[in-house]
Amino acid sequence: MFANLKSKHNLYFPSLPDLESVLNLQNFFRLAFLLSFFVFATTTFAQNATLSGTIKDSKTGEVLIGATVAVENSKPIVGTVTNVYGFYSLTLPKGNYTLLVSFIGYQNLKKSVDLQQNTTLTFEIAENTNELTEIVVTSDAPQDKVQNAQMGMEKLEMKEMNKIPVLLGERDILKTIQLLPGIKSAGEGNSGFNVRGGTSDQNAIFLDEALVYNASHLLGFFSTFNSDAIKDATVYKGGMPAQYGSRLSSVLDIRMKDGNDKKFGMGGGIGLISSRLNVETPIVKDKGSLFLSGRRTYLDLFLKAADNDNTLYFYDFNAKANYKINEKNRIFLSGYFGRDKLGVGNTFGIDWGNTTGTLRWNRVISPKMFSNTSLIYSNYSYRISINAAGNEFDILSRIRDYAIKQEFLYLPNPKHTITFGVHSTYHNIVPGQVESRGSNVINVELQDRYAWENALFVNDEWKISPRLNLNYGLRLTTFSLLGEGKFYSYNSEGKVTNTTNYGSGEFVQTYINPEPRLGLSYTVNLNTSVKASYTRNVQNLHLISNSNAGTPTDLWIPSSKNIKPETADQWALGLFKNIKDNQFEFNVEAYYKTMSNQIDYKDGANTRANDKIEGELLTGIGRAYGIEFLFRKKQGRLTGWVGYTLSRTERQIEGINGGNWYAARQDRTHDISVVAMYDLSKKVSLSAAWVFNTGNAVTFPSGKYTVADKTTFVYTERNGYRMPDYHRLDIGLTWIRKKTAKFESSWNFSIYNAYGRENAYTITFRENKDDRTKTEAVRTALFRFVPAVTYNFKF
């Protein structure tokens, strides 16, 4: 049957051994859901009532993500956590309760409730103003890392991020996550990152649910995310819930601020190379708000002042509006618009950027069920302009997505949190075209590519017992390559063997892949647990890049007849422990990941303006394994963490390195980060970050030969050498100059690379001018002693 389907409709199913495993998994999940239904049924007939609503910041009206509502002194703990829209639902036997509402950095709130029927109740809690003795959620809170079955997840604290010293004082969420174990920087000053052996394109970065394809400014030195516009950020290194997908290695879920629905506010900052400004105001008090935030560099103004006609700047703009129609319905509209421009006089120029938009409708269907419907738009494009005598032309490329996502949250009782829904995306890819403006260049236009990607998902967080928690789910993905256009088949040497024409909207190739997710935690005691997880991820879009970090001119290609979807299976085992009344946290996670259909280039591949690019690619397998340690101090004047990762990442691709295993470009054996923040007083704080890592794997020449007075370097083993080890210290000081109920101002001083280490950015080779038999290695470093100062204000 499957063979007939495949031949008639170009469908791709897993091989027969895979199908057996899929059927076994289906049986497992069927049994698990039956057990879930049994638990639900046995609790439904009891005399229960449901308390639901939202939790907000009492000053701004912003909903709080991950806030806790729990019954005080309940053993085992009975409670729930707000979702990404601040919604909570807690079903309890009818009666009188004292509830404890808590959130990191906020004052705890106690509330007595007589729960005799389904009740809607909104809680507003105040931010803790005592900077030196910050209140922290207690260690037995339901969302605590110890009890939760979720592995490989880190929730970023915006206050911490704003204190950590970074390059040129630009607070950067992507630079901050690179200080966590298992997440490695893609290079000096670069916003790209690698997670557990994955490449930078294997990270899904969402901004209000919209996928951001290139998250960097100024060739990667800054990220596209203005920290003033961010409310919440969560990164998943593995074990991500079934509602997340599309990439192999990680998910970074970023949520923008909604805006103050109580009063007008303004804030911003002035730095050495950029300034930013944000405005928030109620649309209707306590019902809706508007948030606007903009940022721009002014390096181009300095260039003009120096009579330099070069161009170098970026800007970005965030906007978000929301309105509560009634107690059950709220709508959101958010967008991001960013662009970079770089030019050398009138002869060369490149501009690139992202545009995203999200329209969302939140609806409380019942006290136990929450719905979110999203219409999503994402666009990334670049244009290169060349203006030389007779050679005037533009090169452009684009990827554009239109998506709809329907997600439901169902909380039948405190033991189950069920998420299910559907996600559908239409991809339009312009892989590249040349538009001539001169007589010596002809127009070149590669065929546009179209694809339709769909996913059904369901996930359940099940508290089986006070000690045992299960997080399980399934994501079923389909990916269809669509016409119109010519599609090629290739032989093993990359030569075209057949050409087939497809009409508009015709199905060229369809892939169907199940992605099971499973996480289990066993609580040894209130402060200690062990966890295990298994995750399968599938990726259907592939980045064509010669750089580990990614560049603005990288190209995306869809899965096709020749390029199959990339898949990754990751197993993880961990120990999680809170120490000394939750003042300290210690985590250790070991992982092993296998990857298939990994892409690399043939030696000497032609990747530019090539409509037969698939013939230049090779595919194979990969593996990554390692162990991560994290020790964090969460309370007191001194806070921070120490992270260490020991890991290995390898590829095996026929046609590369003799078919033997070789180190991937992003392979690093050791990676260490030490981050510390110390409050000298309520107004002055110090911060420092020290990083060390083994140099990336790289291919260097192993010999050379000379013919007709021309020297050619010989390359043998792929990635058989190492860049020098990298280490750097950054220090910072934050001084709150003034803080009243209506106005706050502060100064931030920092030094990037404080001890002036000349870390190698590139190493190139050349002949010695005096002795051509000798070869010299030329090492280039980027940054030494980079000071920065920023003035921040808010009122």
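Five strands make up an open sheet, ordered S10-S17-S18-S13-S14, in this predicted model. Its pairing is mixed. Strand S10 (153-156) and S14 stand at the edges, and each of these two pairs on one side only. Look at the S14 edge. Strand S13 (residues 203-207) runs antiparallel to S14, and two bridges join them. In one of these strands sits Leu-207; its bridge partner in S14 is Ala-210.

The loop that leads into S13 deserves a stop. Arg-196 lies there, between S12 and S13. Its phi is positive, near 45°, and Arg-196 is not a glycine. Most residues other than glycine have a negative phi. Arg-196 returns below, at the domain contact.

A salt bridge is found in this part of the chain too. Arg-171 and Asp-228 meet through their side chains, at 2.9 Å from N to O. What does this pair tie together? Arg-171 is in the loop between H3 and helix H4 (173-177), and Asp-228 is in the loop between S16 and S17, so the salt bridge links parts that are 57 residues apart in sequence. Over the whole structure, the search gives 39 salt bridges.

Now step back to the domains. The assignment splits the protein chain into domain 1 (153-254) and domain 2 (255-553 + 567-794). Domain 2 is thus listed in two segments. The centres of the two domains, taken over C-alpha atoms, are 6 Å apart. Domain 1 brings 71 residues to the contact, and domain 2 brings 112 residues.

How much area do domain 1 and domain 2 bury between them? The figure is about 7800 Å², with 50% of it on carbon and sulfur atoms. The size of an interface is often given in this way, as the accessible area lost when the parts come together. On the domain 1 side, the residues that lose the most area to domain 2 are Glu-188, Arg-196 and Glu-209. Together these three account for 11% of what that side buries. So the Arg-196 with the positive phi is also among the residues of domain 1 that lose the most area to domain 2.

Polar groups meet across this interface as well. The rule finds twelve salt bridges between domain 1 and domain 2. It also finds 51 residue pairs in polar contact there, both residues being at pLDDT 80 or more. Several elements of domain 1 give two or more residues to the side that touches domain 2. Among them are helix H3 (158-163), strand S11 (183-185), strand S12 (193-195) and strand S14 (210-211). Strand S17 (230-236) and strand S18 (250-256) are also included. Elsewhere in the list of salt bridges, Lys-163 pairs with Asp-679, and their closest N and O atoms are 3.4 Å apart.

Domain 2 offers some strand pairs to follow. Start with strand S19 (residues 265-270). Six bridges join S19 to strand S20 (residues 274-284), and the two run antiparallel. They form a hairpin with three residues between the strands. Gly-265 has Glu-280 in S20 as its bridge partner. S19 also pairs with strand S52 (residues 786-794), again in the antiparallel sense, over four bridges. There Gly-268 is matched with Phe-793 in S52.

A second hairpin lies further along. Strand S45 (residues 703-707) and strand S46 (residues 710-714) pair antiparallel over five bridges. Val-707 stands opposite Lys-710 in S46. Two residues lie between these strands, and Ala-708 in this hairpin takes a positive phi near 55°.

One peptide bond also calls for a check. Is the bond from Gly-483 to Glu-484 cis or trans? It is cis, with omega near 25°. Glu-484 is placed in the loop between strand S30 (468-482) and strand S31 (485-490). Most peptide bonds are trans.

Finally, turn to another open sheet. Four strands form it in the order S4-S3-S6-S7, with antiparallel pairing. Strand S4 (79-81) and strand S7 (109-115) are at the edges with a single partner strand each, so one side of each has no neighbour in the sheet. On average, neighbouring strands here are turned by 20° against each other, direction ignored. Strand S6 (residues 95-102) and S7 are joined in the antiparallel sense by seven bridges. In that pair, Leu-100 stands opposite Lys-110 in S7.

Key:
Residues numbered from 1 in each chain as written. Predicted model: local features only at pLDDT ≥ 70, side-chain atom pairs only at ≥ 80, totals over all residues. Heavy atoms only, no water. Pairing = 2+ DSSP bridges. Axes fitted to C-alpha atoms, helices over the stretch in contact; angles between N-to-C directions. Domains from an automatic or database assignment. Contact = heavy atoms within 4.5 Å. Buried area = accessible area lost by both parts, 1.4 Å probe. Salt bridge = Lys/Arg side-chain N within 4 Å of Asp/Glu carboxyl O. Polar contact = N/O pair within 3.5 Å; in protein donor to acceptor, adjacent residues only side chain to side chain.
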